[in-house]
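Open the model in your viewer and keep the sequence panel beside it. The stops below go from the whole chain to single residues.

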Amino acid sequence: PDNVAAHYLLGYCFGSKQMLDSEVKEYRAALEIDGGFVEAHRALGAALFTQGKYEEAAAAYRRALELSGGRAVDLANLAASLGAGGDLREAVQHLEKAFESDPDCYEALLNLAALCIGRGDLKRARDYAGRAVAAQPERASGYLALAEALMREKEYDQAIAGFKKAVELSP
């Protein structure tokens with residue numbers, strides 16, 4: 001009952017099977033045992049985000065941010081939950097902080113691309129998504145963001161290539 005690793009890994013398995021309530025329960029159990037387990041806070045934030053519980057996700061990401069000493073990935077995750085919850089001003093502030101500490105932070109680049117797509121600033125969206133692809137070419141999400149921006153610009157051939165690459169990289 002007090003095995004933090006077992007609870008954490010159970011949460012991961014439940015999440016992989018889309019058993020989201022069980023996933024959240026296990027991450028919370030891990031954190032009851034070890035409230036300083038940064039990865040469990042990150043995983044809990046991601047699980048809550050997936051469920052659309054953006055305020056709770058932001059709280060988990062804030063705690064991860066405190067424990068990690070301000071890592072760029074935690075700033076970007078917090079920004080994503082804030083942005084999804086409608087607080088774009090604070091989201092952008094956290095993304096700017098993420099770039100100050102890591103100009104190639106993949107999560108920050110993706111979040112900025114998404115914000116720019118949402119605002120219709122497709123040139124900047126393409127730039128951020130392209131930088132995400134360059135930073136981590138093995139991850140499908142960068143290609144998805146880039147392809148979406150291209151599609152919205154009616155650059156369909158390039159968009160198709162990006163979507164195909166994302167499919168190829170997806171498990």
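**Whole chain**

Start with contacts across the chain: among those in the protein between residues at least 6 apart in sequence, 44% join residues at least 24 apart. Keep in mind at every stop that this is a predicted model.

Switch to a cartoon view and colour by secondary structure. The protein has 10 helices and 0 strands, and the pattern along the sequence reads α-α-α-α-α-α-α-α-α-α.

Next, display the C-alpha atoms alone. Along the principal axes they fill a box of roughly 55 × 35 × 25 Å. How does the radius of gyration compare with that of a compact globule? For 171 residues such a globule would have a value near 16 Å, and the protein has 17 Å, so the two agree.

Now turn on the surface. The accessible surface of the protein comes to about 9300 Å², and carbon and sulfur atoms account for 53% of that. Of the 171 residues, 42% count as buried.

Colour by charge before leaving this view. The protein carries 20 positive and 26 negative charges, and the mean positions of the two sets are 4 Å apart.

**Helix α2**

Select residues 20–33, which make up α2. At 1.5 Å a residue, the 14 residues of α2 should span 20 Å; the end C-alpha atoms of α2 are 20 Å apart, so the span agrees with the expected one.

Which residues of α2 are buried? Show the side chains of E23, V24, E26, Y27, A29, A30 and L31. Two glutamates, E23 and E26, are in that list. Then add α1 and α3 (38–50) to the selection: the cover over the buried residues of α2 includes both of these helices.

**Two loop residues**

Move to the loop between α1 (4–16) and α2 (20–33), and select Q18 there. The phi angle of Q18 is near 60 degrees, a positive value in a residue other than glycine. Is Q18 buried or exposed? Its relative accessible area is 56%, above the 50% cut-off, so Q18 counts as exposed.

For the last stop, go to the loop between α9 (140–152) and α10 (156–169), where K154 lies. The phi angle of K154 is near 65 degrees, again a positive value in a residue other than glycine. With a relative accessibility of 59%, over the 50% limit, K154 also counts as exposed.

Technical notes
Residues are numbered from 1 along each chain as its sequence is written. This is a predicted model: local features need pLDDT of at least 70, side-chain atom pairs count only at pLDDT 80 or more; totals for chains, interfaces and linings use all residues. Side-chain values use heavy atoms; hydrogens and water are left out. Helices (H or I, at least four residues) and strands (E, at least two) are DSSP runs, numbered from the N terminus. The radius of gyration is taken over C-alpha atoms; the globule rule is 2.2 Å times the number of residues to the power 0.38. Buried means under 20% relative accessible area, exposed over 50%, partly exposed in between (1.4 Å probe, protein chains only). Contact means heavy atoms within 4.5 Å. Accessible areas come from the Shrake-Rupley method with a 1.4 Å probe; for residues, only the protein chains shown count as cover. Lys and Arg count as positive and Asp and Glu as negative; His and the chain ends are not counted. The place of a charge is taken as NZ of Lys, CZ of Arg, CG of Asp or CD of Glu. The expected span of a helix is 1.5 Å times one less than its number of residues.
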